[in-house]
Amino acid sequence: KVEILKNGPILIHTEGPVAFVSGASTEQKNGPVALCRCGQSATKPFCDGAHRDAGFEAEAGQFEITG
């Protein structure tokens with residue numbers, strides 16, 4: 001499941017690992033994983049909570065992944 005938090009990050013709920021590939025580097029984390037959507041995180045693409053101080057506002061939602 002992918003959950004978009006109101007005024008916060010995108011959460012990827014998974015029991016397995018999530019790999020972020022950028023150029024030649026790969027960073028792997030175990031779920032759940034929070035992705036930045038405010039643009040202020042020092043650990044992009046991952047959320048570090050910077051949206052709180054930045055006053056980021058956006059609506060919530062979610063995606064269900066089937067199959």
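Here are two short worked exercises on this predicted model.

Local features need pLDDT of at least 70, side-chain atom pairs count only at pLDDT 80 or more, and totals for chains, interfaces and linings use all residues. Residues are numbered from 1 along each chain as its sequence is written, and side-chain values use heavy atoms, with hydrogens and water left out.

**Exercise 1.** Work out whether Ser41 is buried or exposed, and find what its side chain reaches.

*Solution.*
- Start with the place: Ser41 sits in the loop between strand E5 (33-35) and helix H1 (50-54). Helices (H or I, at least four residues) and strands (E, at least two) are DSSP runs, numbered from the N terminus.
- Next, check the area: Ser41 has a relative accessible area of 4%, so call it buried. The cut-offs are under 20% for buried, over 50% for exposed, and partly exposed in between (1.4 Å probe, protein chains only).
- Finally, follow the side chain of Ser41: it reaches the backbone oxygen of Phe46 at 2.6 Å.

**Exercise 2.** Find the aromatic partner of Phe46 and say how the two rings meet.

*Solution.*
- Count first: there is 1 aromatic pair. Rings of Phe, Tyr and Trp (its six-membered ring) pair if their centres lie within 6.5 Å; planes under 30 degrees apart are stacked, over 60 edge-to-face, the rest tilted.
- The partner is Phe20, edge-to-face, at 6.2 Å centre to centre with 80° between the planes.
- Now locate both: Phe20 is in strand E3 (residues 17-22) and Phe46 in the loop between E5 and H1, 26 residues apart.
- Compare accessibility: Phe20 is partly exposed at 34%, whereas Phe46 is buried at 7%.

How values were computed: A polar contact is a pair of N or O atoms within 3.5 Å; within protein, one must be able to donate a hydrogen and the other to accept it, and residues adjacent in sequence count only if both atoms are side-chain atoms.
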